[in-house]
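Student: Could you take me slowly through one part of this protein, the small open sheet and what packs on it? I'd also like a quick look at what lies elsewhere.

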Amino acid sequence: MGKFYTALGLMSGTSLDGVDVSIINSDGVRDYSVVLNKFYEYENELYEKIIELRANILNSNDLKRYFSKIKSLEKEITLFNAQAVNETLKLTKQKIEVIGFHGQTIFHDAENSVTKQLGDGRLLSQLTKKNIVYNFRQNDIKNGGEGAPLSPIYHLVLIKALFSENKVKIPVSILNIGGIANITKIDKDFKITSRDIGPGNCLIDKWIRKNSDKLFDKDGNFAQKGKIDKFIFDQYLDNYYYSKINSKRSLDTNDFDISFAKGLSL
């Protein structure tokens, strides 16, 4: 059995709605327990800044073009995460040994080994007085990966824990639906394979933001009122979607757009 750590994790997804904070105890291999989970929603002004910046960064050259805006927004996001950490730590007496800091993804291009997350790990360390682990995606790319998906590492620990309690059988597959959807396959020897498989909520989120005053389709209320335009849907799948997901193991929200639905009502 390895050393157990009490770790705090910070996660900002492609939905751009805020920061999830979790504290867990784990050996990082097969055992873990949850201490607490909290969610901190972005203020509307910060949310709008992230949306605008991400929409402007379509290639790696844009990262240079908007360098000053990126640095400014990165500081704001880091300060927000620091506040989330400090507020969460008030709720527990657990001693946090390490903080995992994902940052807010604004661009991902695995084909050219470029990925950009907003979040200053050094500044966060100064503000929280804690050890920070960050640059997960960049380090994965440096070691031959694509920088995404990262959730399979957690999936493996989760399945090992559940398997030891006879709560799950293997082999098993886990579907994780965020802005982008990814799947993890775990075989009988606990070997994992994983890949992104297409858009999760990013398309419906973008559609709702563009065509209403809402930020997302809460409880699917808009979607369940609609009717499928099968012609447009089939055209999109045949001409665009399958070629995209077959050619990449990791995807970005910029890999998909809603132009195919132009002209449709909300």
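Tutor: Let's go through the sheet strand by strand, then turn to a helix pair and the empty spaces. Keep in mind that this is a predicted model, where local features need pLDDT of at least 70 and side-chain atom pairs count only at pLDDT 80 or more, while totals for chains, interfaces and linings use all residues. Residues are numbered from 1 along each chain as its sequence is written, and side-chain values use heavy atoms, with hydrogens and water left out.

The sheet is open and has 3 strands in the order β7-β8-β9, with antiparallel pairing. Helices (H or I, at least four residues) and strands (E, at least two) are DSSP runs, numbered from the N terminus, and two strands pair if DSSP finds at least two bridges between them. Strands of a sheet pair through backbone hydrogen bonds, either parallel or antiparallel. The edge strands here are β7 (172-177) and β9, each pairing on one side only. On average, neighbouring strands of this sheet are turned by 20° against each other, direction ignored. For angles like this one, axes are lines fitted to C-alpha atoms, for helices over the stretch in contact, and the angles run from 0 to 180 degrees between N-to-C directions.

Start with β7 and β8, which pair antiparallel over 6 bridges. Val172 stands opposite Ile186 in β8, and Ile174 has Thr184 of β8 as its bridge partner. A hairpin with 2 residues joins β7 to β8. Now move on to β8 (residues 180-186) and β9 (residues 192-199): 7 bridges join these antiparallel strands. Lys185 stands opposite Thr193 in β9. This hairpin has 5 residues between the strands, and Phe190 takes a positive phi near 65°.

What packs on the sheet? Helix α6 (residues 151-164) does, touching β7, β8 and β9, and its direction makes about 40° with that of β8. Contact means heavy atoms within 4.5 Å.

Next, the helix pair. The axes of α3 (residues 67-89) and α4 (residues 121-128) come within 9 Å and cross at roughly 35°. The contact involves residues including Leu79, Ala82 and Val85 of α3, along with Leu123, Leu124, Leu127 and Thr128 of α4. By class, the contact residues are 6 nonpolar, 4 polar and 1 charged. Here Ala, Val, Leu, Ile, Met, Phe, Trp, Tyr, Cys and Pro count as nonpolar, Asp, Glu, Lys and Arg as charged, and the others, Gly among them, as polar.

Last, the empty spaces. On a 1 Å grid over the protein atoms alone, a cavity is a set of points where a 1.4 Å probe fits but cannot get out, and a pocket is an open set with protein on both sides within 12 Å along at least five of seven lines; lining residues have an atom within 4 Å of a point. Grid points are joined across faces, edges and corners, and a volume is the space filled by probe spheres set on the points. The second largest pocket has a volume of about 910 Å³. Of its 24 lining residues, the closest to the centre are Ile204, Phe233, Phe260, Ala261 and Leu264. Helix α8 gives the largest share of that lining, 5 residues, and the lining divides into 18 nonpolar, 3 polar and 3 charged residues. As for the largest cavity, the volume is about 50 Å³, and the lining has 2 nonpolar, 6 polar and no charged residues.
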